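Biologist: I am new to this structure and should be grateful for a close look at a single part of it. Could you please describe the six-stranded sheet and the helices that pack on it?

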Amino acid sequence: MASLKKITNYLDDYLKINEIKDSSVNGLQVSGKENINKIAFAVDACTESFSAAKDAGADMIIVHHGLIWNGITSVTGITYRRLKFLIENEISLYAAHLPLDLHPEVGNNIEFLKLFNAENIEEFGNYHGIFIGFMGEFAERRINDFAGEIQKKLNTNCAVLPFGKEKVKKVGVVSGAAARIVNEAVEKVDVFVTGEASHEVYHTAKEAKVNIIFAGHYATETLGVKALAKLLKEKFDVEAVFIDVPTGL
Ligand SMILES: [Zn+2]
């Protein structure tokens, strides 16, 4: 058992939750029980994740996509029902959006590079003046083999725009919906991996001769919460459970 306060203080500090400008209201979004025995981890704050967390006996849910973006303007409809569920069950909700994309130890993007033993890691993916991704180098492989490996490791389906070199070595990754970073990818990497597919970058990628792999918004953002689950289990006397609710997108 650990106190909610101890856990949130640790997370706020470790993830630099208040230092990163974001449309997500990061940190504790809903407070519940004072003491935490079990924490559920999920990508999305939604009723399906909440019910599964309750059924698993969790006192707290930590997500990448929280409930509150740019502040709450009304508590009605779906927002009301989701908040009511958490409040009635005294389950706390903690969100870490950009802080969990860009984190150098447990972030979605560094975790992706770790899966492929990438080296020479550098910042990548400039978004409103901050780097939210990473790039690195691994043993050279064919673009289609790389996509196949991603599918296996992330249990996802990849869409590939194979417009660059057939053999790739330098990879840049920005989880989620980050296709707009394509121009930076053209300058720096052999292959750019992001989550959500985007029609509008097709011709840019083709004309710039760069490879892009869309590995799924959900799939690329399971990595950070899973890494955080492992860390909190080590740091605190709590149980951790990952709630898998894939969107297929
Ligand atoms: Zn996302």
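**The six-stranded sheet and its helices**

Modeller: In this predicted model, six strands make up an open sheet, arranged in the order β7-β8-β10-β11-β12-β9, with mixed pairing. At its edges stand β7 (119-127) and β9 (159-162), each of which pairs on one side only. From one strand to the next, the twist averages 25 degrees.

Within this sheet, strand β10 (residues 167-174) and strand β11 (residues 191-194) run parallel and are joined by four bridges. V171 stands opposite V191 of β11. Helix α6 (residues 143-154) packs on the sheet, where it touches β8, β9, β10, β11 and β12 (211-214). The direction of α6 makes about 115 degrees with that of β8.

A second helix to consider here is α5 (residues 108-115). Helix α5 lies across β7, β8 (130-142), β10 and β11, and runs at about 10 degrees to β8. Helix α5 is mostly covered, for six of its eight residues are buried. The buried residues of α5 are N108, N109, I110, E111, F112 and L113. After α5 comes N117, which has a positive phi near 50 degrees.

Helix α5 also meets another helix, α10 (residues 222-235). The two pack with their axes 7 Å apart, at an angle of about 90 degrees. Because angles from 65 to 115 degrees count as roughly perpendicular, α5 is described as roughly perpendicular to α10. In this contact, N108, E111 and F112 of α5 meet L223, G224 and A227 of α10. By class, the contact of α5 with α10 has three nonpolar, two polar and one charged residues. A general point on helices is useful here: an α-helix has 3.6 residues a turn, so residues three or four places apart point the same way.

Helix α10 also contains K235. K235 has 14 other C-beta atoms within 10 Å and is therefore partly exposed; the range for that class lies between the limit of 12 or fewer for exposed and that of 20 or more for buried. In sequence K235 is 143 residues from S92, while in space the two are 19 Å apart, C-alpha to C-alpha.

For contrast with the covered helix α5, one may turn to helix α3 (residues 77-88). Of the 12 residues of α3, the number buried is one, so α3 lies largely in the open. At 1.5 Å a residue, its 12 residues should span 16 Å, and the end C-alpha atoms of α3 are indeed 16 Å apart, which agrees. Just after α3, E90 adopts a positive phi of about 55 degrees.

Finally, the model has an open sheet of five strands, in the order β2-β6-β5-β4-β13, whose pairing is mixed. Its edges are held by β2 (27-30) and β13 (239-242); each has a single partner strand, so one side of each is left without a neighbour in the sheet. Neighbouring strands of this five-stranded sheet are turned by 30 degrees against each other on average, direction ignored. Strand β4 (residues 38-44) and strand β5 (residues 60-65) run parallel in it, joined by five bridges. The bridge partner of A42 in β5 is V63.

Note on methods. Residues are numbered from 1 along each chain as its sequence is written. This is a predicted model: local features need pLDDT of at least 70, side-chain atom pairs count only at pLDDT 80 or more; totals for chains, interfaces and linings use all residues. The expected span of a helix is 1.5 Å times one less than its number of residues. Two strands pair if DSSP finds at least two bridges between them. Axes are lines fitted to C-alpha atoms, for helices over the stretch in contact, and angles run from 0 to 180 degrees between N-to-C directions. Angles under 35 degrees count as roughly parallel, over 145 as roughly antiparallel, 65 to 115 as roughly perpendicular and the rest as oblique. Two residues are in contact if their C-beta atoms, placed from the backbone, lie within 7 Å. Ala, Val, Leu, Ile, Met, Phe, Trp, Tyr, Cys and Pro count as nonpolar, Asp, Glu, Lys and Arg as charged, and the others, Gly among them, as polar.
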